[in-house]
Amino acid sequence: MVFGVGTPKRVMLATARFLVLVVLLTGCASSAPGNALVTKGPAAEMEAALYVLIFWIAVAVFVVVEAILIWTAIRFRRRANDGIPAQTHGHTGLEIGWTIIPFLILAYIAIPTLTTISSATAAPTGPDVIKVKVIGHQWWWEFQYPDLGIVTSDELHIPVGQKISLDVGTADVIHSFWVPKLGGKIQAIPNQKNTTWIQADEAGTYPAQCFQLCGLSHANMRFIVVAETKDAFQAWAKNQAAPAAQPVSPDAQAGGKVFAGGACIGCHTINGTAAAGKVGPNLTHIGSHLTLAGATLTNNPEQLAVWLHNPPGVKPGSIMPNLNLTDDQVKSLVAYLEELK
Ligand code: CUA
């Protein structure tokens with residue numbers, strides 16, 4: 001469309017708004033924490049390189065096709081004295097051309113696509129590789145480190161510069177595991193084990209999120225990857241593998257009793273106590289977590305209290321119901337759980 005005197009004002013306004021939006025989104029995307037094109041590890045780099053290659057091939061196709069289209073429209077436009085043009089049907093040369101050219105382009109794209117998929121889903125091997133079993137749940141992520149005796153949730157700790165081999169599965173519906181800056185986008189499918197790997201080249205906290213619509217709180221199924229130095233990771237792993245700390249403060253001791261005597265133990269495990277439920281996250285070291293509830297809340301006493309008072313209010317549809325806990329029960333549970341460092 002070419003804008004002129006006759007163009008309705010609302011069309012011009014809508015177009016202007018659209019252009020502003022495009023500019024804003026482009027600006028946001030370059031600094032967004034989930035920008036998969038600003039990669040921080042080799043797995044993500046490999047995937048981004050494939051994306052960029054295909055993107056530029058698509059741009060070239062677009063430019064060539066649009067150029068021919070525009071040239072044709074101008075060159076063969078109807079002029080004042082034109083009658084009906086000669087009627088033709090088919091053109092063997094063109095038909096063969098526009099069949100063979102896309103075939104060649106797709107064949108050219110297929111080779112790096114297949115090799116990238118194969119590299120991204122091959123389980124890495126070597127003495128440095130750390131194995132993690134990833135299990136998607138509605139709506140949180142469970143991370144088990146079988147060789148280190150650790151079970152945690154929503155917070156995947158990894159050492160910088162080492163490959164992390166991931167076995168991805170699900171306890172219920174289909175989810176999708178992806179850490180945009182580190183790679184590894186893969187489906188978590190019932191009764192199937194999918195493998196992928198990630199590696200971080202820089203220490204930092206990388207936001208991630210389930211990428212498969214998986215129910216009411218799909219948008220609240222976030223997690224973080226904490227990449228740290230080898231020493232920091234080992235210290236973390238040693239702490240996580242230890243049984244739960246004994247409650248110290250009177251409030252925490254009261255909280256321990258509320259936990260053990262209530263519905264909590266039906267769903268949660270705290271290593272070193274009688275709590276051995278398997279429905280919800282293992283809470284042995286919940287006090288050490290940076291986030292809560294599918295990484296939707298910051299882990300602090302205030303937000304933990306908000307969660308305990310009404311879980312479905314934070315995460316609609318959450319399997320953890322509103323237990324109608326009293327203020328005192330919540331206060332003591334918060335003290336207990338926050339001491340589980
Ligand atoms: Cu799990 Cu979306």
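**Exercise 1. Find the volume of the largest pocket, then describe its lining.**

Solution. The largest pocket has a volume of about 540 Å³. A pocket is an open set of points on a 1 Å grid over the protein atoms alone, with protein on both sides within 12 Å along at least five of seven lines; lining residues have an atom within 4 Å of a point. A volume is the space filled by probe spheres set on the points, which are joined across faces, edges and corners.

The model is predicted: local features need pLDDT of at least 70, side-chain atom pairs count only at pLDDT 80 or more, and totals for chains, interfaces and linings use all residues. Residues are numbered from 1 along each chain as its sequence is written, and side-chain values use heavy atoms, with hydrogens and water left out.

Step 1: locate the centre. The pocket is lined by 32 residues, and the closest to its centre are His268, Pro281, Leu283, Trp307 and Met320.

Step 2: assign the lining to elements. Helix 6 (264-267), strand 11 (291-292), helix 7 (301-309) and helix 9 (327-339) each supply at least two residues. The largest share, three residues, comes from helix 7. Helices (H or I, at least four residues) and strands (E, at least two) are DSSP runs, numbered from the N terminus.

Step 3: sort by class. The lining has 22 nonpolar, eight polar and two charged residues. Ala, Val, Leu, Ile, Met, Phe, Trp, Tyr, Cys and Pro count as nonpolar, Asp, Glu, Lys and Arg as charged, and the others, Gly among them, as polar.

**Exercise 2. State which residues line the largest cavity.**

Solution. A cavity is a set of grid points where a 1.4 Å probe fits but cannot get out. Step 1: search the whole structure. One cavity of 30 Å³ or more is found. The largest cavity holds about 30 Å³ of space.

Step 2: list the lining. Val151, Thr152, Gln240, Asn282, Thr284, His285, Ile286 and His289 line the largest cavity. Two of these residues are nonpolar, six are polar and none is charged.

**Exercise 3. Identify the residues with the most contacts inside the largest nonpolar core.**

Solution. A nonpolar core is a set of buried Ala, Val, Leu, Ile, Met, Phe, Trp, Tyr and Cys residues joined through side-chain atoms within 4.5 Å. Buried means under 20% relative accessible area, exposed over 50%, partly exposed in between (1.4 Å probe, protein chains only).

Step 1: take the core. The largest one has 31 residues, and Val132, Phe143, Tyr145, Leu156, Ile158, Leu166 and Phe177 have the most contacts inside it.

Step 2: follow one member. Val132 touches, among others, Phe143, Tyr145, Leu156 and Leu166, not counting residues up to four places away in sequence. Contact means heavy atoms within 4.5 Å.

Step 3: look for another core. A second, separate core of 24 residues includes Ala305, Leu308, Leu333 and Leu337.

**Exercise 4. Classify the ring pair of Tyr145 and Phe233.**

Solution. Rings of Phe, Tyr and Trp (its six-membered ring) pair if their centres lie within 6.5 Å; planes under 30 degrees apart count as stacked, over 60 as edge-to-face and the rest as tilted. The count comes to twelve aromatic pairs.

Step 1: apply the rule. The centres of Tyr145 and Phe233 are 6.5 Å apart and their planes meet at 40°, so the pair is tilted.

Step 2: place the partners. Tyr145 lies in strand 2 (residues 140-145) and Phe233 in helix 4 (residues 230-241), so the pair ties together parts that are 88 residues apart in sequence.

Step 3: check burial. Tyr145 is buried at 1% relative accessibility. Phe233 is buried too, at 4%.

Step 4: look for a cluster. Ring pairs link Trp141, Phe143, Phe177 and Phe223.

**Exercise 5. Place the cis peptide bond from Gln138 to Trp139, and the residues Asp154 and Ala295.**

Solution. Step 1: the cis bond. Omega from Gln138 to Trp139 is near -5°. Trp139 sits in the loop between strand 1 (130-137) and strand 2.

Step 2: Asp154. Phi is positive, about 60°, although Asp154 is not a glycine. Asp154 is in the loop between strand 3 (150-153) and strand 4 (155-159). Its relative accessible area is 6%, so Asp154 is buried.

Step 3: Ala295. Phi of Ala295 is positive, near 55°. Ala295 is in the loop between strand 11 and strand 12 (297-298). At 14% relative accessibility, Ala295 is buried.
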